[in-house]
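Q: Could you walk me through how to read this structure, starting with the ligand and what surrounds it?

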Amino acid sequence: MKEKLILTQGDITEMEVDAIINAANTELMLGGGVAGAIRKRGGPSIQEECNKLGPIPLGEAAITGAGKLKAKYVIHAASMSLGGPLTTRESLLNSVKNSLKRTEEKKLKSIAFPAIGTGVAGFPANQCAQIMIDTIMEHLEKGSSLEKVYIVLFKGPVYDAFEKYLATIK
Ligand code: AR6
């Protein structure tokens with residue numbers, strides 16, 4: 001199963017996959033970081049769809065089209081609230097699980113995650129790596145439509161934390 005999980009360096013908005021996951025807030029307001037890049041490159045249709053779907057509960061995930069991006073869908077993983085609680089272990093875990101649920105509902109084959117919570121939300125990269133990688137691996141082991149799950153990270157300490165944790169699992 002580990003061969004289906006691929007760490008890669010770069011900008012997630014350039015990924016040619018069925019869906020990219022957005023590091024979102026519960027209001028589904030596309031702010032900075034990954035969300036800002038999605039808004040700029042994908043055009044206004046994504047925020048317009050979000051306005052119809054949001055707000056969503058903490059730890060939930062909502063799916064929209066991907067506007068002008070190469071991906072077909074954007075899955076908005078709400079691990080934090082705007083002006084409320086930032087990312088916690090529980091909200092991160094639930095937002096990853098619910099994102100994976102959305103991918104199964106559409107029977108998607110390829111998706112790309114960012115390091116949810118490690119930017120604006122300030123969640124520690126080493127804990128994020130452990131939670132995200134463990135949750136994705138458990139999901140793949142249960143049987144899934146997914147053939148490739150990318151984690152797309154900028155070069156630097158967050159990438160290093162993910163690479164280090166991935167090396168410890170079978
Ligand atoms: N490609 C890959 N990784 C990126 C990109 C990109 N284009 N841009 C940033 N990162 P963040 P969060 C990295 O802040 O902490 C927004 O305002 C970044 O270096 O996007 O969950 C939303 O609207 C960091 O390691 O997400 C929410 O309100 C990681 O992606 C809030 O930020 C996540 O950073 C969510 O905060």
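A: Happily! Let's start with a term: a polar contact is a pair of N or O atoms within 3.5 Å; within protein, one must be able to donate a hydrogen and the other to accept it, and residues adjacent in sequence count only if both atoms are side-chain atoms. Here, a polar side-chain atom of Asp-11 lies 2.9 Å from a nitrogen atom of the ligand. Before we go on, this is a predicted model, where local features need pLDDT of at least 70 and side-chain atom pairs count only at pLDDT 80 or more, while totals for chains, interfaces and linings use all residues. Residues are numbered from 1 along each chain as its sequence is written, and side-chain values use heavy atoms, with hydrogens and water left out.

Q: Which backbone N or O atoms lie 2.9 Å from an oxygen atom of the ligand?

A: One belongs to Gly-31, and another to Ala-121.

Q: How much of the ligand's accessible area does the protein cover?

A: Accessible areas come from the Shrake-Rupley method with a 1.4 Å probe. On its own the ligand has 710 Å² of accessible area, and the protein covers 90% of that.

Q: How many residues surround the ligand?

A: A residue is near a molecule if one of its heavy atoms lies within 4 Å of it. In this model 24 residues surround the ligand, and the closest are Gly-32, Val-34, Gly-117, Thr-118 and Val-120.

Q: Which element gives the most to that shell?

A: Helices (H or I, at least four residues) and strands (E, at least two) are DSSP runs, numbered from the N terminus. The elements giving two or more residues to the shell are β2 (19-25) and α1 (33-42). Of the elements, α1 gives the most, with four residues.

Q: Is Thr-135 buried or exposed?

A: Buried means under 20% relative accessible area, exposed over 50%, and partly exposed in between (1.4 Å probe, protein chains only). Thr-135, found in helix α4 (residues 125-141), is buried because its relative accessible area is 7%. A polar atom of its side chain lies 2.6 Å from the backbone oxygen of Ile-131.

Q: And why does Gly-122 count as exposed?

A: Gly-122 counts as exposed because its relative accessibility is 58%. You can find Gly-122 in the loop between β5 (110-113) and α4. Although Gly-122 and Thr-87 are 35 residues apart along the chain, their C-alpha atoms are separated by 7.6 Å.
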